[in-house]
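The following note sets out points for a colleague reading this entry. Each point may be checked against the coordinates.

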Amino acid sequence: MDLARFVLFLFSSYLDTNFRKSKQGDAIKARNALLALLAAWLTIAPTGGVAAEAKTVTFAVGGASADFDFWEELVREFEAGTGIDVELLRQPMDTGLRRQSLVVPLSARKSDPDVFLMDVAWIAQFAASRWLEPLDPTFAKGGCGDRDAFFPRILTLADTYGGELIALPVFVDGGLLYYRSDLLQKYGLGGPPRTWDELLRQAKKVQEGERRATPGFFAFVWQGAQYEGLICSFLEFAGRDGGFTGKGGDVAVDTPGNRKALAFMRDLILRHGISPPNTYTEMKEEEARLFFQGGDALFERNWPYAWALHEAQGSPVRGKTAIAPVPSFTPGRSVSTLGGWHAGISRTSDAKPESVRLLCFLTSYEVQKKLALRLGWNPGRRDVYEDPDVLARMPHFRALRPVFENARPRPILPYYTQLSEILQRHLSAALSGRSSPGEALAAAQKEMRAVASRYGGR
Ligand code: GLC
């Protein structure tokens with residue numbers, strides 16, 4: 001395109017210079033005809049008349065440090081197959097920081113990044129801000145293949161906004177309980193706990209025994225720092241008897257089930273001492289994973305990504321861990337929070353056709369299979385769960401399928417992140433003992449309702 005414009009410019013200047021030397025009428029006719037020809041060429045060039053130069057796609061992605069080798073490799077594979085260059089924009093692991101670093105360019109209507117991964121928790125905000133390119137036309141043209149290959153519940157819940165498809169799931173997350181099967185056996189404890197009380201009993205026994213040789217042993221690590229992960233843990237501690245109840249402006253969190261859950265979380269740290277004191281100051285996904293992987297914990301609450309890392313060559317817990325659903329206070333009332341990351345295209349991208357190709361590549365069967373085999377992540381496509389190679393490598397995909405299929409979403413509201421930030425602050429105050437669970441939840445609810453009513457409660 002740029003070359004074409006340059007040629008047009010040179011040609012036009014040439015005619016201008018010669019205009020004075022020639023017969024006026026002929027020169028004007030010749031010049032107009034040639035300019036029209038070139039203009040027509042410029043118009044058709046990008047759609048195929050002459051090969052258009054593919055634009056570079058800027059792809060923003062974050063995660064644990066080990067993930068980047070994988071993204072890097074995928075991107076190089078895409079470039080080799082398509083001739084489209086991709087610039088990888090590295091983001092941190094923390095979902096809040098990742099959101100912030102996207103909000104700035106998107107709200108300023110910048111042309112980059114073109115493609116990015118979004119946490120399921122904040123897709124609604126991006127969609128309501130009209131930052132996301134609708135994807136229905138892509139499917140209508142057969143772009144990303146078969147829409148039925150994706151989980152319909154996830155597409156409806158997370159990827160559709162105002163009747164438009166605006167994102168596609170790259171991987172889905174559900175909270176899980178990792179445990180050391182060797183330690184449960186060593187202490188004659190049988191299977192993993194189904195209830196929080198049982199977890200507490202097992203934790204106390206194992207911790208007491210292990211502390212003799214390992215003074216830094218803490219039986220249970222989970223995400224308790226003040227960030228989005230704390231909300232995910234809290235919803236799981238509360239199970240089906242708690243969580244966000246009420247809709248929109250009526251959002252209710254100060255409930256008996258939630259008070260019980262929050263008191264239990266605090267007691268794990270401050271009373272029973274089975275979760276480390278830095279739980280509420282530092283514990284995010286990677287802190288919990290590394291602690292458990294170092295061999296210093298019995299239980300860990302984390303997302304599926306931790307599995308492959310625990311099982312990696314050289315990991316001290318390799319071959320000693322197993323996965324179970326998160327416990328609940330009453331058997332059968334367990335909840336796994338629905339997490340996951342979805343790819344979207346910026347409405348102000350200057351490389352939309354190239355971005356669509358990258359999006360379709362990321363959600364293709366081959367890439368999703370690789371993501372499951374290499375990283376142990378749960379694919380966003382349901383057809384990959386039937387793949388024999390995937391099932392052989394990840395037997396828990398079959399066993400825990402109901403956990404993932406029924407995982408509970410956080411409220412899907414454009415102002416959810418504001419509600420979450422309020423709740424995080426108050427939960428953290430209760431975990432550190434600065435306020436009681438009742439005070440914390442009552443104060444959170446008041447502030448959350450004020451935010452919701454500012455948005456009209458919807
Ligand atoms: C994971 C989940 C995401 C969640 C975040 C919290 O990345 O996929 O949904 O919000 O953890 O830390």
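Which residue in E2 is the bridge partner of Val57? The first point below takes up this question, and the reader should bear in mind throughout that the model is predicted.

1. The bridge partner of Val57 is Val86, in E2. This pair belongs to the contact between strand E1 (residues 57-62) and E2, which run in the parallel sense and are joined over six bridges. Both strands are part of an open sheet of six strands, whose order is E2-E1-E3-E11-E6-E12 and whose pairing is mixed. Strand E2 (86-91) and strand E12 (378-379) form the edges of that sheet, each pairing on one side only.

2. The loop between helix H4 (95-107) and strand E3 (115-119) contains Pro113, and Arg109 lies in the loop between H4 and E3 as well. Two backbone features deserve inspection here. Asp112 and Pro113 are joined by a cis peptide bond, with omega at about -5°. Arg109, although not a glycine, has a positive phi of about 60°. As background, most peptide bonds are trans, and a negative phi is found in most residues other than glycine.

3. There are 13 residues around the ligand, and those that come nearest are Thr95, Asp173, Glu228, Gly229 and Gly339. Helix H10 (228-238) and strand E11 (338-345) are the elements that give two or more residues to this shell. Sorted by class, the shell has five nonpolar, four polar and four charged residues.

4. Where does the ligand lie with respect to domain 2 and domain 3? Residues of the shell come from both domain 2 (52-166 + 342-405) and domain 3 (176-335 + 411-454), and the ligand therefore lies between them.

5. Helix H10, which contributes to the ligand shell, also packs against another helix. The axes of H10 and helix H11 (residues 256-270) come within 8 Å and cross at roughly 115°. Since angles of 65 to 115 degrees count as roughly perpendicular, H10 and H11 are described as roughly perpendicular to each other. The crossing in which H10 passes H11 is right-handed.

6. A second helix pair is formed by helix H20 (residues 416-431) and helix H21 (residues 437-454), which pack at an angle of about 165° with their axes 9 Å apart. Angles over 145 degrees count as roughly antiparallel, and H20 and H21 are therefore roughly antiparallel to each other. Here too the crossing is described by its hand: H20 passes H21 in a right-handed crossing.

7. A further open sheet is built from four strands in the order E8-E9-E7-E10, again with mixed pairing. Its edge strands are strand E8 (220-221) and strand E10 (321-324), each of which pairs on one side only. Strand E9 (residues 299-302) and E8 pair in the parallel sense over two bridges. Within this part of the sheet, Val221 stands opposite Glu300 in E9.

Technical notes:
Residues are numbered from 1 along each chain as its sequence is written. This is a predicted model: local features need pLDDT of at least 70, side-chain atom pairs count only at pLDDT 80 or more; totals for chains, interfaces and linings use all residues. A residue is near a molecule or strand if its C-beta atom, placed from the backbone, lies within 6 Å of it. Ala, Val, Leu, Ile, Met, Phe, Trp, Tyr, Cys and Pro count as nonpolar, Asp, Glu, Lys and Arg as charged, and the others, Gly among them, as polar. Domain bounds come from an automatic or database domain assignment. Two strands pair if DSSP finds at least two bridges between them. Axes are lines fitted to C-alpha atoms, for helices over the stretch in contact, and angles run from 0 to 180 degrees between N-to-C directions. Angles under 35 degrees count as roughly parallel, over 145 as roughly antiparallel, 65 to 115 as roughly perpendicular and the rest as oblique. A crossing is left-handed if the near helix is turned anticlockwise from the far one by less than a right angle, and right-handed if clockwise.
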